[in-house]
Amino acid sequence: EGSDAFYPHLVAQLYPALHGLPSLLNKPAIGYREWMRRYRHAWLTLAVDDYPWGLVAQVAEQQGDTATVACWVRQAAPLRHGARWHVLEEALWQGLSIHVDPDTPCSLH
């Protein structure tokens, strides 16, 4: 997927899951695990988009995916207070970082 497609076409697919809503898209929504299988690496490494997308980490936390949350906290830390960081990212980073062990291994795949 091209960088112009990552948001809203891929990232936004997970947002309805934040509140237990069905997909708002015309095509069937992919599940959380399938989304992570397909796009986790690109999201965590900023390979196709240079925003950290902390709301994806929040969905991971709601799904009990602590390894992904820990990885996002670690990967996002250097981005704090940069040009692509905003108050929502900071709130999510602070809220999620207190629940993860900073020594948790981070597998990007």
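Let me start with two helices in this predicted model. Helix H3, residues 54–62, packs with helix H5, residues 87–97, at an angle of about 30°, and their axes lie 9 Å apart. Angles under 35 degrees count as roughly parallel, so H3 and H5 are roughly parallel to each other. As for handedness, the crossing of H3 past H5 is left-handed.

Which residues make the contact? On the H3 side they are Gly54, Leu55, Ala57, Gln58 and Glu61. On the H5 side they are Leu88, Glu89, Leu92 and Leu96. Sorted by class, the contact of H3 with H5 has five nonpolar residues, two polar ones and two charged ones.

Now to H5 itself. Its buried residues are Glu89, Glu90, Leu92, Trp93, Leu96 and Ser97. Where do they sit around the axis? They cover an arc of only 165°, so they are on the same side of H5. The buried residues of H5 pack against H3 and H4. Of the buried set, Glu89, Leu92 and Leu96 also appear in the contact with H3.

That brings in helix H4, residues 66–76. Here the buried residues are Thr68, Val69, Ala70, Cys71, Trp72, Val73 and Ala76. What do they pack against? The partners are helix H2, which spans 32–45, together with H3 and H5.

To recap: H3 and H5 pack at about 30° with a left-handed crossing, the buried residues of H5 pack against H3 and H4, and those of H4 pack against H2, H3 and H5.

Definitions and conventions: Residues are numbered from 1 along each chain as its sequence is written. This is a predicted model: local features need pLDDT of at least 70, side-chain atom pairs count only at pLDDT 80 or more; totals for chains, interfaces and linings use all residues. Side-chain values use heavy atoms; hydrogens and water are left out. Axes are lines fitted to C-alpha atoms, for helices over the stretch in contact, and angles run from 0 to 180 degrees between N-to-C directions. Helices (H or I, at least four residues) and strands (E, at least two) are DSSP runs, numbered from the N terminus. Angles under 35 degrees count as roughly parallel, over 145 as roughly antiparallel, 65 to 115 as roughly perpendicular and the rest as oblique. A crossing is left-handed if the near helix is turned anticlockwise from the far one by less than a right angle, and right-handed if clockwise. Contact means heavy atoms within 4.5 Å. Ala, Val, Leu, Ile, Met, Phe, Trp, Tyr, Cys and Pro count as nonpolar, Asp, Glu, Lys and Arg as charged, and the others, Gly among them, as polar. Buried means under 20% relative accessible area, exposed over 50%, partly exposed in between (1.4 Å probe, protein chains only). The arc is that of the directions from the helix axis to the C-beta atoms.
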